[in-house]
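This report describes the fold of one protein chain and then looks at selected helices and residues. The sequence and the structure are shown here for reference.

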Amino acid sequence: MTLEQLYQEIAGNYADIKDRLRKEERIEKFVFLFLKDTSYQTMVQALEIGNMEEAFRAVHTLKGICMNLSFDELYHFSSEMTECLRAGDGTGAAKILPELEKCYEKHVQMICKYKNN
């Protein structure tokens with residue numbers, strides 16, 4: 001699997017990230033760093049205990065990371081979650097969470113597959 005194929009699998013925008021970071025080695029470095037980021041886990045834990053403020057901060061961070069990496073599909077879900085939590089809409093956040101979780105897990109799985117390729 002190539003880096004461009006990885007971006008196709010995760011519905012990312014390879015052309016955009018290539019224009020921004022220019023070199024595949026640089027893109028790869030930041031894509032691999034995504035695996036070490038704990039924003040998603042922090043958001044889930046905060047939601048479980050009802051800490052909407054902490055969940056908002058965590059998903060807002062995840063949204064920014066996705067934007068910078070051109071992970072367009074994951075950016076979309078994290079952006080929706082950010083807006084629900086900004087508005088204090090726990091019900092809306094609960095509706096988005098399954099899709100966000102599915103998308104996040106797909107990203108992790110595909111990045112790991114690429115890394116181990």
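The text below moves from the whole chain to two helices and then to single residues.

**Overall fold**

The coordinates are those of a predicted model. The protein contains 7 helices and 0 strands, and from the N terminus on its elements run α-α-α-α-α-α-α. Along the principal axes, the C-alpha trace spans about 40 × 25 × 20 Å. The radius of gyration of the protein is 14 Å, which agrees with the value near 13 Å that a compact globule of 117 residues would have.

Of the 117 residues, 39% count as buried. Among contacts with a separation of 6 or more, 63% are made by residues 24 or more positions apart. The accessible surface comes to about 6,600 Å², and carbon and sulfur atoms account for 49% of that surface. The protein carries 15 positive and 19 negative side chains; the centres of these two sets lie 6 Å apart.

**Helix α3**

Helix α3 covers residues 24-34, and its buried residues are Ile27, Val31, Phe32 and Phe34. Seen down the axis of α3, these buried residues fall within an arc of 140 degrees, so they line one face of the helix. What do the buried residues of α3 pack against? Their partners are α1 (3-9), α2 (14-21), α5 (52-69), α6 (72-86) and α7 (90-115).

**Helix α4**

Helix α4 is made up of residues 39-48, with Ser39, Tyr40, Met43, Ala46 and Leu47 as its buried residues. Viewed down the axis of α4, they fall within an arc of 130 degrees, so these residues line one face of the helix. Gln45 and Glu48, on the other side of α4, are exposed. The buried residues of α4 pack against α5, α6 and α7. Helices α5, α6 and α7 are also among the elements against which the buried residues of α3 pack. Gly50 follows α4 and has a positive phi, near 80 degrees.

**Two loop residues with positive phi**

Ala11 is placed in the loop between α1 and α2. Its phi is near 55 degrees, a positive value in a residue other than glycine. Ser70 is found in the loop between α5 and α6, and its phi, near 60 degrees, is likewise positive in a residue other than glycine. Are these two residues buried or partly exposed? Ala11 has a relative accessible area of 38% and is therefore partly exposed. Ser70 has a relative accessible area of 0%, so Ser70 is buried.

**Residues in helices α2, α6 and α7**

Arg20 lies in helix α2. With residues up to four places away in sequence left out, Arg20 touches Met67, Asn68, Leu69 and Ser70. This list includes Ser70, the loop residue between α5 and α6. For one of these contacts, the distance along the chain can be set beside the distance in space: Arg20 and Asn68 are 48 residues apart along the chain, and their C-alpha atoms are separated by 8.9 Å.

Ser78 belongs to helix α6. Which residues does Ser78 touch, not counting residues up to four places away in sequence? They are Val59, Leu62, Lys63, Cys66 and Leu100.

Gly90 is in helix α7. Gly90 and Lys29 are 61 residues apart along the chain, and 35 Å separates their C-alpha atoms.

The table gives the relative accessibility of these three helix residues.

| Residue | Helix | Relative accessibility | Class |
|---|---|---|---|
| Arg20 | α2 | 38% | partly exposed |
| Ser78 | α6 | 0% | buried |
| Gly90 | α7 | 26% | partly exposed |

The cut-offs behind the classes are as follows: buried means under 20% relative accessible area, exposed means over 50%, and partly exposed lies in between. At 0%, Ser78 is therefore buried. Gly90, at 26%, counts as partly exposed, and Arg20 counts as partly exposed at 38%.

Definitions and conventions. Residues numbered from 1 in each chain as written. Predicted model: local features only at pLDDT ≥ 70, side-chain atom pairs only at ≥ 80, totals over all residues. Heavy atoms only, no water. Buried < 20%, exposed > 50% of the residue type's maximum accessible area, 1.4 Å probe, protein only. Helix = DSSP H or I, 4+ residues; strand = E, 2+ residues; numbered from the N terminus. Arc of directions from axis to C-beta. Contact = heavy atoms within 4.5 Å. Rg over C-alpha atoms; globule rule 2.2 N^0.38 Å. Areas by Shrake-Rupley, 256 points an atom, 1.4 Å probe, with all protein chains shown as cover. Lys, Arg positive; Asp, Glu negative; His and termini not counted. Charge placed at Lys NZ, Arg CZ, Asp CG, Glu CD.
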